[in-house]
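Colleague: Got a minute to walk me through this one? I'd like to see how the pieces fit together.

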Amino acid sequence: MDEYSNFSSAAEMPIEERLKAAKGRFDHIGVDSKASEGITRPTIGYWKDAWIRLRKNKIALISLAVIVLYVIMALFGGAMVEFDYKANDLFNVNQPPNSVHWFGTDTLGRDLWARTWQGARVSLLIGLVSAVMQLTLGIIVGGLAGYLGGTFDLIVMRITEILDSIPFLIMVILIMMVFGSGIVPLILAFAITGWISMARLVRGQVYQLKSQEFMMAARSMGASTSRMIFKHLIPNMAGVMIVTLTMKVPQAIFSEAFLSYIGLGVQPPQTSWGQLANQGSQVMSVYPYQLLIPAFFISTMMLAMQLFGDGLRDALDPKLRK
Amino acid sequence: MEHSNDKYIEVTDLKKHFYLKQKKILKAVDGVSFSIKRGQTLGLVGESGCGKTTLGRTLIHIYEPTAGKIMMDGKDITKVNSKEYKQLTSKAQMIFQDPYASLDTHMTTLEIIAEGMAIHNMYSAKERKERAEAYLSMVGLNKEHGSRFPHEFSGGQRQRIGIARALAIEPEFVVCDEPISALDVSVQAQIVNLLIRLQNELHLTFLFIAHDLSMVKHISDYVAVMYLGAIVEITSSEELYSHPEHPYTQSLLSAIPIPDPRVSASRKRILLQGEIPTPINTPPGCKFKNRCQHCMKRCDAEEPKLKEIAPGHFVACHLFNS
């Protein structure tokens, strides 16, 4: 019989007895805490870490590739064919895509491949430049309002509310009346109307962040204002700002398309993706490719921007690291 | 006050008032005087909203004092310009209450700890990294933790990072603003023991803010009890716990749980009536009068001043003024 014989089950045995019974059956092998912590990743900074996380995100990488491809094509795509984007060819109107005219021709016989990439130039220029202008204005005004607070914040925010109450279309028409129509007035119009929401967003973020204890901790360590802004405020706002920026680019491209449709956008023979879609829609039932081609580029560009923005936001937030 | 020579911190009649809307004044700290000897710890206790944190923050100029005088190491630091403030931050540091809010989530542990050294241009970049790693191990974390981000740690580990950050600047005086209140009980003892060990190793002077009376007894040489912006009793910690004199201190101490049901049942608890009044536009007289069981006529008219009732034992109560 074994040591448990006096008891109906092992659980009833007193602990001392149980330990005695177990003696010799088990070996204490110990724990090497140093070894268990030994295999860790090397020290890396915030931006490098963000890049590593972005690289792992396939969708964001594909989106980035699409954006880069479109930008390259916008720069050099027009030069790949011998046709000028504004040269009419009345003997070859409304040709479907073929080996000579890769994307076909429009109602005036202009080569759609050349026009598509010329349109890409205009659309991307308007989208990117106006988004960057909105961002810059928004950060400066919203950042100051949030950081300084008080009377300055009060006055600036009331001004933005008044500006925001003017309808977008009236604002654009007013700007067009002063500066004429064209790419530069369009960019100006988007920048002037779009910075307000950006400023509000930045102000809210700054307000929320500046009262957090880590900001107070940085100040109590003697951090200068520029260090507070560039080391603490901006990295903490970067995620939200980048997502907003990637929304603003397609938004500007869309607005431009809409304005072109009502005749306020870029004027022919100059073109843009919106302008192309507008012209294609007029012959949609007969020559659908004239609408489908620019529509495809507008939608894939929008999708790529948004997915890339999502990926960037995730990469910039260390909390989402797996 | 009671301490003889070598006072590291000496505060005289310090006031911090916040000016609210409609000309209301919130007297968060209203005429506080105390001193701390070099290398010693003053515990500061009181219920929520009594001005403990404001007092701690005013001492190291996170808030500007409204009136009064702060002497640190023989130098008047009541008013500081930005250059003097930076000097002050290299000597006086703060450990924050909330380990979740006080660390920037976008920085790695090493960056957080080394930030103070970088701000004050201490050592070369390589040495800073080495020293930051040394501080990591000093607070009981591993070198390998250095590349991780704050969200990867538990509350106790984060608080250790906060402690390492404050100490990396090599301060002489540290305000510990409830460093243990956000932690669970088993970790509280670890952190307090860590603080005591570091104090002995580095000859630090502490102002230890807490509302846990037994922890304060463990770490403090002297204890000050605060009520509604004023110190009502201040003495050595043995004296305070063995002979509490102010009615408020007595009720506080009677609220400490005793881990023995027989003793606990036989003990007479002093239950306070009513709520802590608001520190906005306080009426004249003793601040504790509406909750005090010994309230006299005199308490309505006159605010009691701190008075030495036994060697080194100061109480602000009219019961001891006759």
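**Helix H6 and strand E10 of chain B**

Modeller: Sure, just keep in mind that this is a predicted model. H6(B) is followed by His203(B), which has a positive phi near 55 degrees.

Colleague: How far apart are the end C-alpha atoms of H6(B), and what should the helix span?

Modeller: H6(B) covers residues 185-202, which is 18 residues. At 1.5 Å a residue, the helix should span 26 Å, and this agrees with the distance between its end C-alpha atoms, 26 Å.

Colleague: Within what arc do the buried residues of H6(B) fall?

Modeller: The buried ones are Gln188(B), Ile191(B), Val192(B), Leu195(B) and Leu198(B). Looking down the helix axis, they line one face, because they fall within an arc of 125 degrees.

Colleague: And which exposed residues sit on the face of H6(B) turned away from that buried side?

Modeller: The buried residues pack against helix H5 (155-168), strand E7 (173-177) and helix H7 (213-219) of chain B. The face turned away from them carries the exposed Ser186(B), Asn193(B), Asn200(B) and Glu201(B).

Colleague: Is E10(B) largely enclosed or open, and how many of its residues are buried?

Modeller: E10(B) spans residues 230-236. It is largely enclosed by the rest of the structure, because the buried count among its 7 residues is 6.

Colleague: Which residue in E12(B) is the bridge partner of Ile234(B)?

Modeller: E10(B) makes an antiparallel hairpin with E9(B) over 6 bridges, with 2 residues between the strands. E10(B) is also joined by 2 bridges to E12(B), again antiparallel. There, Ile234(B) is partnered by Phe314(B).

Terms used:
Residues numbered from 1 in each chain as written. Chains lettered and ligands numbered in written order. Predicted model: local features only at pLDDT ≥ 70, side-chain atom pairs only at ≥ 80, totals over all residues. Helix = DSSP H or I, 4+ residues; strand = E, 2+ residues; numbered from the N terminus. Expected span 1.5 Å × (residues − 1). Buried ≥ 20, exposed ≤ 12 C-beta atoms within 10 Å, placed from the backbone. Arc of directions from axis to C-beta. Contact = placed C-beta atoms within 7 Å. Pairing = 2+ DSSP bridges.
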